[in-house]
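Here is a short briefing on one protein chain. It takes the strands first, then the helices, then the spaces inside and at the surface.

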Amino acid sequence: MKRAAEAADMIELRLDCLEKSELDSIVRLLPEHLKQFGVPVILTLRSVDQGGGAPAQYQARQRFWASVKKIPDNCLIDLELDLAQELATDKPDSGLPTDWSAVICSHHDFAGLPANLETIYECLAATPARILKIAVQADDATDCLPIFRLLDRAQNEGRELIAIAMGQAGIATRILGPSRGSYLTYASWNDESATAPGQLIAKDLRDIYRIGEIDQQTQIFGLIGRPLVHSISPQIHNAAFRAAGMDAVYVPFEVGDTDQFLRRMVRPDSRELSWNRHGLSVTAPHKAAVIRSLDWIGPAAKEIGAVNTIVVHGRELHGYNTDALAFISPLRGKFGSLKEARCAIIGAGGGARAALWALRNEAAQAELFVRDPTRARSTAEQFGVDCHLLTNARFEGFDIVVNATPLGTRGLQQDETPAMAEQLRSVRLAYDLVYNPLETRFLREARAAGCETLSGIEMLLAQAIEQFKLWTGCTPDVKVMRAAALQASKK
């Protein structure tokens with residue numbers, strides 16, 4: 001709690017995470033112990049059906065709260081809706097160690113976004129609790145919309161509400177919620193101490209997202225893709241915004257349906273949320289699919305068939321591709337002239353398409369290697385290259401082999417590689433577009449085969465620099481972006 005107080009404005013003590021014997025012994029010491037802390041403390045005994053470890057029967061939880069002596073004035077207690085409703089009917093003694101002005105009445109749904117969200121809010125509001133809390137599971141970034149609408153309603157009604165969409169798809173509510181009226185947002189002390197899906201680290205909320213500086217005028221940028229847990233783009237772009245003195249934040253949005261997301265949350269004439277939205281990065285698997293939802297496509301993006309950058313331009317959405325230039329610049333710097341160089345591209349997604357386009361412009365000779373040549377046939381035909389089965393492929397005679405698949409990505413397929421050392425012998429350079437971790441298994445196999453190697457971090461940085469220019473019209477501090485990228489990729 002002392003460590004947490006250094007990073008937070010308020011501490012939640014999850015009593016349901018203690019063993020019963022520990023809980024029984026701490027009850028007697030709790031009121032005096034809490035006086036030591038200069039920040040408010042929330043006491044929570046979460047029931048098992050609400051995602052905690054305490055008994056589901058409200059009588060057992062009621063007995064616990066009745067056993068706690070009066071707590072200090074700087075403390076709040078969190079009661080689930082069922083217990084709050086029962087205690088509210090007890091007259092005259094509620095059995096609480098405090099009065100209702102220090103109560104958070106909460107409801108959690110880990111199954112998804114309930115259809116009766118507004119009704120749940122009204123049930124919470126009918127209790128005597130001063131603060132209300134709703135936390136629901138988000139499966140798509142658009143599931144954040146009902147949460148933001150609920151915050152608007154609570155503000156209009158003069159109610160104090162904590163509203164959170166849990167899971168990776170709900171991170172926007174954790175970052176932007178307080179600026180939209182949420183009483184607070186939750187964060188963990190470290191990666192291992194999170195008590196709900198999608199919780200960010202408190203230090204990251206302060207240092208990366210600058211949560212205390214976000215307001216309704218803050219410019220919103222972000223990344224759309226699925227999954228995004230491995231991405232370090234928020235660290236890179238938020239560091240650049242801070243260095244430039246911009247009132248801006250870059251937020252990850254885990255999206256399944258890009259058409260729905262852009263229509264409901266981005267496009268100025270149809271979005272359901274009033275916010276200062278300016279631009280987006282696009283990553284796998286949406287770089288091709290997003291094109292049909294845009295009003296204008298840059299020439300390079302149109303030829304490549306993939307967009308990785310969206311700019312909100314007036315009432316229109318404009319799409320660009322900064323991947324191609326970002327791919328070729330570090331490769332040219334490492335390899336030299338690419339004219340007539342034989343290049344094997346593993347994969348056929350947006351990154352592979354950008355690589356093929358850039359290599360063609362350099363007069364290099366490229367070929368595709370994929371797990372399913374049938375699915376990659378249209379890409380091979382578009383760029384006029386041969387397409388081969390990756391399984392058991394050997395790369396003798398190739399100067400460069402590029403991994404344009406997600407194999408090797410931290411947290412996803414980190415222990416996998418598209419090619420082993422014996423397949424890469426005689427290759428001069430192995431280029432991995434995976435950037436996190438810096439040291440992938442593909443690069444280790446390549447070095448074992450005697451190849452030079454090139455990490456995807458250089459491409460990531462180069463495309464991010466061009467994105468920043470498109471969004472802001474300014475050149476970012478490249479040193480700051482590089483330092484942020486290297487620090488994030490080491491975690």
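Which way do Ile400, Val401, Val402 and Asn403 point from strand S16, and are they buried or exposed? Ile400 and Val402 point one way, Val401 and Asn403 point the other way, and all are buried. In a regular strand, side chains alternate between the two faces of the sheet. The model is predicted.

**Overall build**

- The protein has 19 helices and 18 strands.
- Its C-alpha trace spans about 85 × 50 × 40 Å along the principal axes.
- Of the 491 residues, 55% are buried.
- Among contacts with a separation of 6 or more, 69% join residues 24 or more positions apart.

**Around strand S16**

- S16 covers residues 400-403.
- Strand S13 (residues 342-346) pairs with S16 in the parallel sense, over 4 bridges.
- Ile346 has Asn403 of S16 as its bridge partner.
- Strand S17 (residues 429-432) also runs parallel to S16, and 4 bridges join the two.
- Asn403 stands opposite Asp432 in S17.
- Asn403 thus appears in both pairings, with Ile346 and with Asp432.

**The six-stranded sheet**

- Six strands form an open sheet in the order S1-S2-S3-S4-S5-S6, with parallel pairing.
- S1 and strand S6 (160-166) stand at the edges with a single partner strand each, so one side of each has no neighbour in the sheet.
- From one strand to the next, the twist averages 25°.
- Strand S2 (residues 41-44) and strand S3 (residues 75-80) pair in the parallel sense over 4 bridges.
- Leu43 has Ile77 of S3 as its bridge partner.
- Helix H6 (residues 117-125) lies across strand S4 (103-109), strand S5 (131-137) and S6.
- H6 runs at about 155° to S5.

**Leu30**

- Leu30 is found in helix H3 (residues 30-34).
- Its relative accessible area is 1%, so Leu30 counts as buried, the cut-off being under 20%.
- Leaving aside residues up to four places away in sequence, Leu30 touches Leu13, Leu15 and Leu43.
- One of these, Leu43, is the residue whose bridge partner in S3 is Ile77.
- Leu30 and Ala484 are 454 residues apart in sequence. In space they are 41 Å apart, C-alpha to C-alpha.

**Largest pocket**

- The largest pocket has a volume of about 1300 Å³.
- It is lined by 48 residues, with Ala284, Gly349, Ala404, Thr405 and Pro406 the closest to its centre.
- Strand S9 (276-282), helix H14 (350-361), strand S14 (365-370), helix H15 (373-383) and helix H18 (457-472) each give two or more residues to the lining.
- H18 gives the most, with 4 residues.
- By class, the lining has 23 nonpolar, 18 polar and 7 charged residues.

**Second largest pocket**

- About 980 Å³ of space lies in the second largest pocket.
- Of its 32 lining residues, Ala8, Met10, Ile11, Glu12 and Ala187 lie nearest the centre.
- Helix H1 (2-5), strand S1 (11-14) and helix H9 (202-207) each give two or more residues to this lining.
- S1 gives the most, with 4 residues.
- S1 is also an edge strand of the open sheet.
- The lining divides into 20 nonpolar, 7 polar and 5 charged residues.

**Cavities**

- The model has 2 cavities of 30 Å³ or more.
- The largest cavity has a volume of about 130 Å³.
- Its lining has 16 residues, and Arg14, His108, Lys133, Ala196 and Gln199 lie nearest the centre.
- S1, S5 and S6 each supply at least two residues of that lining.
- By class, the lining of the largest cavity divides into 6 nonpolar, 5 polar and 5 charged residues.
- The second largest cavity has a volume of about 60 Å³.
- Residues lining the second largest cavity include Leu176, Arg180, Asp215, Trp275 and Asn276.
- The lining of the second largest cavity has 4 nonpolar, 5 polar and 2 charged residues.

Methods: Residues numbered from 1 in each chain as written. Predicted model: local features only at pLDDT ≥ 70, side-chain atom pairs only at ≥ 80, totals over all residues. Heavy atoms only, no water. 1 Å grid on protein atoms, 1.4 Å probe; cavity = no way out; pocket = protein on both sides within 12 Å on 5 of 7 lines; lining within 4 Å. Points joined across faces, edges and corners; volume = space filled by probe spheres on them. Nonpolar A, V, L, I, M, F, W, Y, C, P; charged D, E, K, R; others polar. Pairing = 2+ DSSP bridges. Axes fitted to C-alpha atoms, helices over the stretch in contact; angles between N-to-C directions. Contact = heavy atoms within 4.5 Å. Buried < 20%, exposed > 50% of the residue type's maximum accessible area, 1.4 Å probe, protein only.
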